[in-house]
Amino acid sequence: MGMSVTISAATEQDAEQIFRLQYLCFQSEAALYGNYRIAPLVQSLDSVREEVSTDLVFVARLGDEVVGSVHGRSTEDAAAAIGKLCVHPRLQGHGIGARLLRAAESALADERGARMFRLQAGHRSESNLQLYSKVGYQRVGTSRGADGVPMIVLEKTTDSYAATA
């Protein structure tokens with residue numbers, strides 16, 4: 001008998017598992033850019049705890065294990081920033097990332113009044129860019145992360161969220 005993956009709001013008790021999962025999942029991104037100072041790898045456990053208490057953070061669970069997470073927060077322009085989407089490497093490619101995104105988008109629109117969702121992906125992160133395109137995000141520009149990595153900025157309106165939910 002197999003277990004199914006469930007999506008729910010993160011709790012304070014999830015912070016350590018989220019911290020460890022991010023460290024595991026973002027190793028491949030760091031290797032892709034030759035930069036092991038990317039934000040999810042240098043973030044402190046206390047910082048993750050703070051995000052769980054102030055932002056909208058969702059987790060994917062397989063039993064008691066956190067196997068995916070995503071962070072969302074409101075921005076000053078009625079948009080919502082979504083980031084740090086990660087799924088355990090052994091479970092990637094099964095739609096968990098898309099489910100986490102939908103949960104974050106729904107909560108950000110319904111609870112925080114977001115009218116647009118914005119996220120960033122490294123310019124070499126083809127699988128991430130494909131996922132975001134598949135769920136309705138459009139490339140709108142570029143930026144450079146605090147760690148120096150060139151990023152693609154993507155956005156999606158809440159109208160297109162309703163169409164892809």
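What follows is a short look at the overall fold, the surface and one aromatic pair of this chain.

The model is a predicted one. Its chain carries 7 helices and 7 strands. Going along the sequence, these elements come in the order β-α-α-α-α-β-β-β-α-β-α-β-β-α. So a strand opens the pattern and four helices follow, before three strands come in a row. A helix closes the pattern.

As for overall dimensions, the C-alpha trace spans about 40 × 35 × 30 Å along its principal axes. The radius of gyration is 15 Å, which agrees with the value near 15 Å that a compact globule of 165 residues would have. Contacts tell us about the fold as well: among those with a separation of 6 or more, 62% link residues that sit 24 or more positions apart.

Turning to burial and surface, 46% of the 165 residues count as buried. The accessible surface adds up to about 8,700 Å², and carbon and sulfur atoms make up 49% of that. On the charge side, there are 17 positive and 19 negative side chains. The centres of these two sets lie 5 Å apart.

Finally, the aromatic side chains: the structure holds 1 aromatic pair. It is made by Tyr132 and Tyr137, whose ring centres are 6.2 Å apart. Their planes meet at 65 degrees, and because planes over 60 degrees apart count as edge-to-face, the pair falls into that class. Both partners are tucked away from the surface by the under-20% cut-off: Tyr132 is buried at 7% relative accessible area, and Tyr137 is buried at 2%.

Note on methods
Residues are numbered from 1 along each chain as its sequence is written. This is a predicted model: local features need pLDDT of at least 70, side-chain atom pairs count only at pLDDT 80 or more; totals for chains, interfaces and linings use all residues. Side-chain values use heavy atoms; hydrogens and water are left out. Helices (H or I, at least four residues) and strands (E, at least two) are DSSP runs, numbered from the N terminus. The radius of gyration is taken over C-alpha atoms; the globule rule is 2.2 Å times the number of residues to the power 0.38. Buried means under 20% relative accessible area, exposed over 50%, partly exposed in between (1.4 Å probe, protein chains only). Contact means heavy atoms within 4.5 Å. Accessible areas come from the Shrake-Rupley method with a 1.4 Å probe; for residues, only the protein chains shown count as cover. Lys and Arg count as positive and Asp and Glu as negative; His and the chain ends are not counted. The place of a charge is taken as NZ of Lys, CZ of Arg, CG of Asp or CD of Glu. Rings of Phe, Tyr and Trp (its six-membered ring) pair if their centres lie within 6.5 Å; planes under 30 degrees apart count as stacked, over 60 as edge-to-face and the rest as tilted.
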